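Biologist: I am new to this model and would be grateful for a close look at a single part of it.

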Amino acid sequence: MNESHQVRAWYGLTGEIVVENDLWHLVKMGGVPLNHPPIVNLIVRRKLPRQDALRLSYLHEFGHFQTLPLALVHILLLLWGRRYRQRTMGWLKYAIALAVAHQAVWELAAEGYVVGQDSAAYRETYRDVHDSLLLIFWAAVGGLGLGLTWWLLRGN
Ligand SMILES: [Zn+2]
């Protein structure tokens, strides 16, 4: 399966989403390949029927497009508030914390977009999926995204 979708974000940026197989999606924004770990599509869709998994995975990738401005504002906010943490923890640790916080928040935003598109269909899709890993996964992503953001901005 190799399906390509041309997409356009609400703020005008065009891109391409290629569904290469069940798990791997290639996303290009304005011609620039966007590499991000397919961790949500791997973990969160693992117990879904194939069609549902593909549909939600595709929407999730599009969600990354749609929420890019939010992700940029988030990272700018972190960079703007960086002085204190950067001074006290060193560059490498700071850069890793920043990257993890950014990725986690963007995953939350993209999946939030999926839910927001059709929350009734989303609930229906997951109604019969009993997977305790889901709860652990979202708790971890939420904790890392919001927790690290709070921690990085604290003490300014
Ligand atoms: Zn994602």
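Biologist: Please concentrate on helix α5 and its neighbours. Does α2 pass α5 in a right-handed or a left-handed crossing?

Modeller: The model is predicted; local features require a pLDDT of at least 70, side-chain atom pairs count only at pLDDT 80 or more, and totals for chains, interfaces and linings use all residues. Residues are numbered from 1 along each chain as its sequence is written.

α2 passes α5 in a right-handed crossing; a crossing is right-handed if the near helix is turned clockwise from the far one by less than a right angle, and left-handed if anticlockwise. The chain has seven helices and four strands, which are DSSP runs numbered from the N terminus (helices H or I, at least four residues; strands E, at least two). The four strands precede the helices in the order β-β-β-β-α-α-α-α-α-α-α.

Helix α5 covers residues 91-117. Its 27 residues should span 39 Å at 1.5 Å a residue, and its end C-alpha atoms are indeed 39 Å apart; the expected span is 1.5 Å times one less than the number of residues.

The axes of α2 (residues 50-66) and α5 come within 8 Å and cross at roughly 120°. Axes are lines fitted to C-alpha atoms, for helices over the stretch in contact, with angles from 0 to 180 degrees between N-to-C directions. The crossing angle therefore makes α2 oblique to α5, a term for angles that are not under 35 degrees (roughly parallel), over 145 (roughly antiparallel) or 65 to 115 (roughly perpendicular). On α2 the contact involves L56, L59, H60, G63, H64 and Q66, and on α5 W106, A110, E111, Y113, V114 and Q117; contact means C-beta atoms, placed from the backbone, within 7 Å. These residues comprise six nonpolar, five polar and one charged. Here Ala, Val, Leu, Ile, Met, Phe, Trp, Tyr, Cys and Pro count as nonpolar, Asp, Glu, Lys and Arg as charged, and the others, Gly among them, as polar.

α5 also meets α7 (132-153). Their axes come within 8 Å and cross at roughly 130°, so this pair is likewise oblique, and α5 passes α7 in a left-handed crossing. A97, L98, V100, A101, A104, V105, E107 and L108 of α5 meet V141, G142, L144, G145, L148, T149 and L152 of α7. That contact has 11 nonpolar, three polar and one charged residues.

The buried residues of α5 include A101, A104, W106, E107, A110 and V114; buried means 20 or more other C-beta atoms, placed from the backbone, within 10 Å of a residue's own. Their cover includes α1, α2, α3, α6 and α7.

Technical notes. Contact = placed C-beta atoms within 7 Å. Buried ≥ 20, exposed ≤ 12 C-beta atoms within 10 Å, placed from the backbone.
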